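Trainee: I am new to this structure, and I would like to go through it with you. Could you show it to me before I ask my questions?

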Amino acid sequence: MHELSIVASIVDSVTESLAPYPGARVKEVRLKVGALASVVQESLDFCYGIGTEGTALEGSKLVVEVLPVVLHCEPCGRDVTLDGVQSFRCPICGEPSMDLRQGRELDIDSIEIEDEAEVKA
Amino acid sequence: MTTRIVELRRGILKKNDELAAGLRDRYTTAGVLVLNLVSSPGTGKTAFLERTLKELKAQGARAAALVGDLETDNDARRLASSGAPVRQINTHGICHLDAEMISKHLEGWELADLDYLFIENVGNLVCPSSYDLGEKIRVALLSVTEGEDKPLKYPTMFNSADAAVITKIDIAGPCDFDRTAALKNINEIRPGIRIFETSAKTGAGMDEWLAYLAEERAKRG
């Protein structure tokens, strides 16, 4: 159950990034989470509600994009996407690989905010 | 009212990762080999570490340990009996150790005086996998009393490990432990990983493990 710690880190990062936008309200937070990030979506959603209370993120929507594991297969000479995380072999030639190119991400991609002030272009 | 998208593209655990990178630099400068031991509760991390510390001491190596636990200091007291410097980190309910806790608990220790530093993580195969502690080697432990499919159930942890240790092999027989399946599953999740089959009770497999430690430490040169 480290999802609450993760939410706390999200709140810190997002709050910090709001500095140039005083009074802004966060509508949406978009994450990119690798299949190997060991984050449980249900648990994250649950903790998000609690962890964002009383912050600029309160009431915002959490959108999680899950990124599959991508391995580089040496014999095939290319990157291959895995269906799951039960076997770290190239799905084409069957060769095992530990050359991970994607799948461990735990990133905030972007946020959607609403500015109180009228901003003129 | 203006709606806008702000691109952040930053790691959620960036602060931990930065702190861990700082720790890694300190370990390298000090020439100490740091290992992070992770497993389920009850795998026998403490017994394994206790034996490791005693054997290292007998060899004249200088080793210390940081021990994570939710509430008690029982493990630290057990490990201290080996004569090695040991510090307890009580996480008070937090399910993992993070780089800040390590940094705080290293205060006052001269890392350059150590050959090895072992960090015994909180017994948990999920959460500690996300938190880099700056270690050189992450060791995932699995006992013969657990299912052989544990690596398949916790792929993140086993995939992120640099070495795997099977513990309690002295009771493998009565447990009907399927060694072939266990080795296959570990390799499926983490191809090519070094696997040590050990017993803290009988000392089986410890020579190979200690040789590996010495080898890894020598690499740091």
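What follows is a short conversation about the strands, a helix, the contact and a few single residues.

Trainee: What should I know about the model and its numbering before we begin?
Mentor: This is a predicted model, in which local features need pLDDT of at least 70 and side-chain atom pairs count only at pLDDT 80 or more, while totals for chains, interfaces and linings use all residues. Residues are numbered from 1 along each chain as its sequence is written, and chains are lettered from A and ligands numbered from 1 in the order in which they are written.

Trainee: Which strands stand at the edges of the open sheet with the order E4-E3-E5 in chain A?
Mentor: Helices (H or I, at least four residues) and strands (E, at least two) are DSSP runs numbered from the N terminus, and two strands pair if DSSP finds at least two bridges between them. The sheet has three strands with antiparallel pairing. Two of them have a single partner strand each, so one side of each is left without a neighbour in the sheet: these are E4 (78–81) and E5 (100–102) of chain A.

Trainee: Which residue in E4(A) is the bridge partner of A:Leu71?
Mentor: Strand E3 (residues 70–73) of chain A pairs with E4(A) in the antiparallel sense over four bridges. Across from A:Leu71, the bridge partner in E4(A) is A:Val80.

Trainee: Which helix makes a β-α-β unit with E3(B) and E4(B)?
Mentor: Strand E3 (residues 63–69) and strand E4 (residues 86–90) of chain B pair in the parallel sense over five bridges. The unit is right-handed, that is, with the strands pointing away from the viewer, the path from the first strand over the helix to the second runs clockwise. The helix in this unit is H3 (residues 74–80) of chain B.

Trainee: Which elements of chain B help to cover the buried residues of H1(A)?
Mentor: A residue is buried if 20 or more other C-beta atoms lie within 10 Å of its own, exposed if 12 or fewer, and partly exposed in between, with C-beta atoms placed from the backbone. Among the buried residues of H1(A) are A:Ile6, A:Ile10 and A:Val14. Their cover includes E1 (25–34), H2 (41–51) and E6 (106–115) of chain A. From chain B, the cover includes strand E1 (2–11) and helix H1 (14–30).

Trainee: Which element gives the largest share of the side of chain B that touches chain A?
Mentor: Residues are in contact if their C-beta atoms, placed from the backbone, lie within 7 Å, and here the contact takes 30 residues from each of chain A and chain B. On the side of chain B, the largest share, 10 residues, comes from E1(B).

Trainee: How many bridges join E6(A) to E1(B)?
Mentor: These strands run antiparallel, and A:Ile113 stands opposite B:Arg4 in E1(B). The number of bridges joining E6(A) to E1(B) is eight.

Trainee: Is B:Arg9 buried or exposed?
Mentor: B:Arg9 lies in strand E1 of chain B and has a positive phi of about 45 degrees although it is not a glycine. Most residues other than glycine have a negative phi. With 9 other C-beta atoms within 10 Å, B:Arg9 is exposed.

Trainee: And is A:Ser38 buried or exposed?
Mentor: A:Ser38 is found in the loop between E1 and H2 of chain A, and its phi is near 50 degrees, a positive value. Because A:Ser38 has 24 other C-beta atoms within 10 Å, it is buried.

Definitions and conventions. Contact = placed C-beta atoms within 7 Å.
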